Amino acid sequence: MFFYPLQFEPILKERIWGGTKLKTLLNKPITSEITGESWEISTVENDVSVVANDAFTGKTLNELIDLYPAEILGDKVYARFGKQFPLLFKYLDAREDLSIQLHPNDELAKKRHNSFGKTEMWYVMQADDNARLIVGFKEKSSPEEYLSHLKNKTLLDILDTKKVQSGDVFMLETGTIHAIGAGTVIAEIQQTSDITYRVYDFDRKDANGNTRELHVDLALDALNYDKIEAQRFYDKNENTANAVVDCPYFTTCFIPLNGTAVFSKTNDSFRVLMAVEGDFSLLVNGESYHYKKGSTVLLPAVIIDYQLDGQASVLEISIS
């Protein structure tokens, strides 16, 4: 069986806070003025990615994994997760602020929702002037203080705000209260989970005059009330994989591509490449594949040698 770099049909999501940058910046085929998310690689129930290129076109990622689990996932990933694809990859366009929210850990998510938890990281692809993110508390808080501010609509007074620019990275452990701010485009890497506890939504209403559901009670024992430092700083050495995040759920490296970079890996894990800036070519087994900004590519684990060429910034994600 010949395995090759896989691309998938984007799964586009309308959101009350979405806009049009996924089309204007990343060339996604959106048809709505409020498209907030492009799910690039997903096995979330009812949102399973479908292959968009070459021999496997039309097959779902789950079908491929069922047929070729070790070849697609990698030996170590298959041994750990079985035939589950453990990560979800997205691009997000926040025309308005997202809700203030958090995600449960594996234990709570399994108990309440039969799901993975949702550890995630953000890479800021574009940020308008004065764009910011909310990540954690300014100082150590408590359930009592948090609930008091939530009741009085002063929650923002105790939350930490970070002004951001392109290239900034934030690692969000489960339980971290957070919100993506207006005017940002984000590449998001996360566990395969769609469990979100929304605690405040700025009292806004949708086109039908309805407010969105809140999950204040569920969030109380899922919250981490400690002050945290979520921003990650990393090297940017050209044509090499610079470590950005290395956690139990995924490892992300940043590749500033200026010319040619050659890689040789093990078959322990699949690799995902996200083109966060510029265009690049990928050479695998003598075949050349071309990708533009906003592309997301899954390299099956059996592809261990490959070459990148171009002028681009690329995120490379795997599982250690």
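Mentor: Before we start, one convention: Ala, Val, Leu, Ile, Met, Phe, Trp, Tyr, Cys and Pro count as nonpolar, Asp, Glu, Lys and Arg as charged, and the others, Gly among them, as polar. Also keep in mind that this is a predicted model.

Trainee: OK, with those classes, how does the lining of the largest pocket divide into nonpolar, polar and charged residues?

Mentor: Start with the pocket itself, which has a volume of about 400 Å³. It is lined by 16 residues, and the closest to its centre are Gln84, Asn114, Ser115, Phe116 and Thr192. By class, the lining comes out as four nonpolar, eight polar and four charged residues.

Trainee: Which element gives the most to that pocket lining?

Mentor: Two elements give two or more residues to the lining, β3 (43–44) and α5 (106–113). The one that gives the most, with three residues, is α5.

Trainee: Let's stay with that helix. Which residue caps the N-terminal end of α5?

Mentor: Look at the backbone nitrogen of Glu107. A side-chain oxygen lies 3.2 Å from that nitrogen, and the capping residue it belongs to is Asn105.

Trainee: And just after α5, what phi does Asn114 take?

Mentor: Most residues other than glycine have a negative phi. Asn114, one of the residues closest to the centre of the largest pocket, has a positive one just after α5. Its phi is about 50°.

Trainee: Where else is there a positive phi, say in the loop between β17 and β18?

Mentor: The residue there is not a glycine, yet its phi is positive, about 50°. At 58% relative accessibility it counts as exposed, because the cut-off for exposed is over 50%. The residue in that loop is Asn285.

Trainee: What about Asp203: buried, partly exposed or exposed?

Mentor: Asp203 sits in the loop between β13 (197–200) and α7, and its phi is positive too, near 60°. Its relative accessible area is 45%. Partly exposed lies between the 20% and 50% limits, so Asp203 is partly exposed.

Trainee: Now the cavities. How many of 30 Å³ or more does a search of the whole structure find, and which residues line the largest?

Mentor: The search finds one, and about 40 Å³ of space lies in the largest cavity. Its lining divides into five nonpolar, one polar and no charged residues. The lining residues are Phe81, Pro86, Leu87, Phe116, Gln191 and Tyr249.

Trainee: On to charges. Which residue does Asp221 meet in a salt bridge?

Mentor: A search of the whole structure finds 20 salt bridges, and this one has an N to O distance of 2.7 Å. The pair links distant parts of the chain, 109 residues apart, with Asp221 in the loop between α7 (216–220) and β14 (231–232) and its partner in helix α5. Asp221 counts as exposed at 52% relative accessibility, whereas the partner is partly exposed at 29%. That partner is Arg112.

Trainee: How far apart in sequence are the parts tied together by Lys293 and Glu277?

Mentor: Their side chains meet in a salt bridge of 3.2 Å, N to O. Lys293 is in the loop between β18 (287–291) and β19 (296–299) and Glu277 in strand β17, so the parts tied together are apart in sequence by 16 residues.

Trainee: Does Asp160, which meets Lys162 in a salt bridge, count as buried or exposed?

Mentor: That bridge spans 3.7 Å, N to O. The relative accessibility of Asp160 is 12%, and since the limit for burial is under 20%, Asp160 counts as buried.

Trainee: Then Arg271, in strand β17: which is its nearest side chain of opposite charge?

Mentor: Arg271 is buried yet has no salt bridge. Its side chain does make a polar contact of 3.2 Å with the side chain of Ser318. The nearest side chain of opposite charge is 4.1 Å away, and a salt bridge needs a separation within 4 Å, so no bridge is counted. That side chain belongs to Glu316.

Trainee: Last one: how far apart in space are Asp129 and Gly183, C-alpha to C-alpha?

Mentor: Asp129 lies in the loop between β7 (120–127) and β8 (132–137), and at 75% relative accessibility it counts as exposed. Asp129 and Gly183 are 54 residues apart in sequence. In space, C-alpha to C-alpha, they are apart by 8.0 Å.

Methods. Residues are numbered from 1 along each chain as its sequence is written. This is a predicted model: local features need pLDDT of at least 70, side-chain atom pairs count only at pLDDT 80 or more; totals for chains, interfaces and linings use all residues. Side-chain values use heavy atoms; hydrogens and water are left out. On a 1 Å grid over the protein atoms alone, a cavity is a set of points where a 1.4 Å probe fits but cannot get out, and a pocket is an open set with protein on both sides within 12 Å along at least five of seven lines; lining residues have an atom within 4 Å of a point. Grid points are joined across faces, edges and corners, and a volume is the space filled by probe spheres set on the points. Buried means under 20% relative accessible area, exposed over 50%, partly exposed in between (1.4 Å probe, protein chains only). Lys and Arg count as positive and Asp and Glu as negative; His and the chain ends are not counted. A polar contact is a pair of N or O atoms within 3.5 Å; within protein, one must be able to donate a hydrogen and the other to accept it, and residues adjacent in sequence count only if both atoms are side-chain atoms. Helices (H or I, at least four residues) and strands (E, at least two) are DSSP runs, numbered from the N terminus.
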